[in-house]
Amino acid sequence: MNPPHSLKPAGVEEERLLSELNAGRLPQHIAIIMDGNGRWAQRRHLPRIAGHRAGVQSARTVIETCANLNIPALTLYAFSMENWRRPKAEIDFLMRLLREYLRKELPVIHRNNIRLLVIGRSDQLPHAVLKDVERAMEQTAGNTGMQLAVALNYGGRAELVDAFNRILEAVGHNGRSTTIVDEEMIARNLYTAGLPDPDLLIRTSGEMRVSNFLLWQIAYAEIYVTETLWPDFTRAQLFEALLEFQKRERRYGGLATVSHRATG
């Protein structure tokens, strides 16, 4: 099955990679740890904020490409709870950059039928940022295309804590003293409720860790790590990650099919 015709390759290499993709075996949900902005800037003897600004273009490219490929869901790790430990000037810049991005890109997101979600403890964001985020989610709430989840003030352990507390609160409101908690109940109370679990997790910059990101949801995700720093992550490299994903046999703890089992 060929890729969508709406996605026009920008060069020979992109065209080759795109032609190899099987549109019938694309991930239903891609999650990305966008790492390496600071190192990208440092290698160019630029301030860290230059790396963050350059990273916005990579985010724009990935969002547009995934939407054109009809990927149902994309989650981007934009700002972790641990990121508050960074210098105040850098945090302030990141918040301004987020607001700037929403103002500039929201019309494009809306026009492409993308629904924007924000996951994390968003109530702890600065008031002006929170208002912009809420406005953007309201404006795209009726869209039926790709769901774009942006993780802001996010932590995987905090998400589980919040889910368990919501479950306990619901149990108390129902007048029960105990209840049986199962996986479905936990999933319904996560920030990502309603989204499929990621089947592909991409991490840039070569770091071999998941950094407290979607700890419950990535239980069976295929992990793809590239040495490329996030501002240098191109559409061709996204295609390479998708091709690698399509080569893997997903067994979910079971056995491989007979034709793929090792003999002997």
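Which residues lie nearest the centre of the largest pocket? I shall open with that question, and then turn to the packing of the helices. Please bear in mind throughout that this is a predicted model.

The answer is Met 34, Asn 37, Tyr 77, Ala 78 and Phe 79, which belong to a lining of 36 residues. The volume of this pocket is about 860 Å³. Several helices and strands contribute to its lining. On the helical side, α2 (37-43), α3 (48-68) and α4 (88-111) each supply at least two residues. Among the strands, β2 (73-80), β3 (115-119) and β4 (147-154) each do so as well. As for chemical class, 21 of the lining residues are nonpolar, 8 are polar and 7 are charged.

The second largest pocket has a volume of about 220 Å³. Its lining consists of 12 residues, and those closest to the centre are Asp 197, Trp 216, Gln 217, Ala 219 and Tyr 220. This lining comprises 7 nonpolar residues, 1 polar residue and 4 charged residues.

I now come to the helix pairs, beginning with two elements already named for the lining of the largest pocket, α3 and α4. Their axes are 11 Å apart, and the packing angle is about 30 degrees. An angle under 35 degrees counts as roughly parallel, and α3 and α4 are therefore roughly parallel to each other. Their crossing is right-handed. From α3, the contact draws on Arg 48, Ile 49, His 52, Arg 53, Val 56, Arg 60 and Ile 63. The α4 side is formed by Glu 90, Phe 93, Leu 94, Leu 97, Glu 100, Tyr 101 and Glu 105. In this contact there are 7 nonpolar, 1 polar and 6 charged residues.

Helix α4 also packs with α5, which covers residues 127-140; the two axes come within 10 Å and cross at roughly 10 degrees. This makes α4 roughly parallel to α5. Here the crossing is left-handed. On the α4 side we find Met 95, Leu 98, Arg 99, Leu 102, Leu 106, Ile 109 and His 110. Their counterparts in α5 are Ala 128, Val 129, Asp 132, Val 133, Ala 136, Gln 139 and Thr 140. Sorted by class, the contact of α4 with α5 holds 9 nonpolar, 3 polar and 2 charged residues.

The remaining pair for today joins α1, residues 12-20, with α8, residues 235-247. How do these two helices cross, left-handed or right-handed? Their axes come within 9 Å and cross at roughly 25 degrees, which makes α1 roughly parallel to α8. To answer the question, the crossing is left-handed. In α1, the residues in contact are Glu 13, Glu 14, Leu 17, Leu 18 and Glu 20. They meet Arg 235, Ala 236, Phe 239, Glu 240, Leu 243 and Gln 246 of α8. The contact of α1 with α8 contains 5 nonpolar, 1 polar and 5 charged residues.

To conclude, I would ask you to return to the structure and locate Met 34, Asn 37, Tyr 77, Ala 78 and Phe 79, the lining residues that lie nearest the centre of the largest pocket. From there, α4 may be followed to its contacts with α3 and with α5. Thank you for your attention.

Methods:
Residues numbered from 1 in each chain as written. Predicted model: local features only at pLDDT ≥ 70, side-chain atom pairs only at ≥ 80, totals over all residues. Heavy atoms only, no water. 1 Å grid on protein atoms, 1.4 Å probe; cavity = no way out; pocket = protein on both sides within 12 Å on 5 of 7 lines; lining within 4 Å. Points joined across faces, edges and corners; volume = space filled by probe spheres on them. Helix = DSSP H or I, 4+ residues; strand = E, 2+ residues; numbered from the N terminus. Nonpolar A, V, L, I, M, F, W, Y, C, P; charged D, E, K, R; others polar. Axes fitted to C-alpha atoms, helices over the stretch in contact; angles between N-to-C directions. Parallel < 35°, antiparallel > 145°, perpendicular 65-115°, else oblique. Left-handed = near helix turned anticlockwise from the far one by under 90°. Contact = heavy atoms within 4.5 Å.
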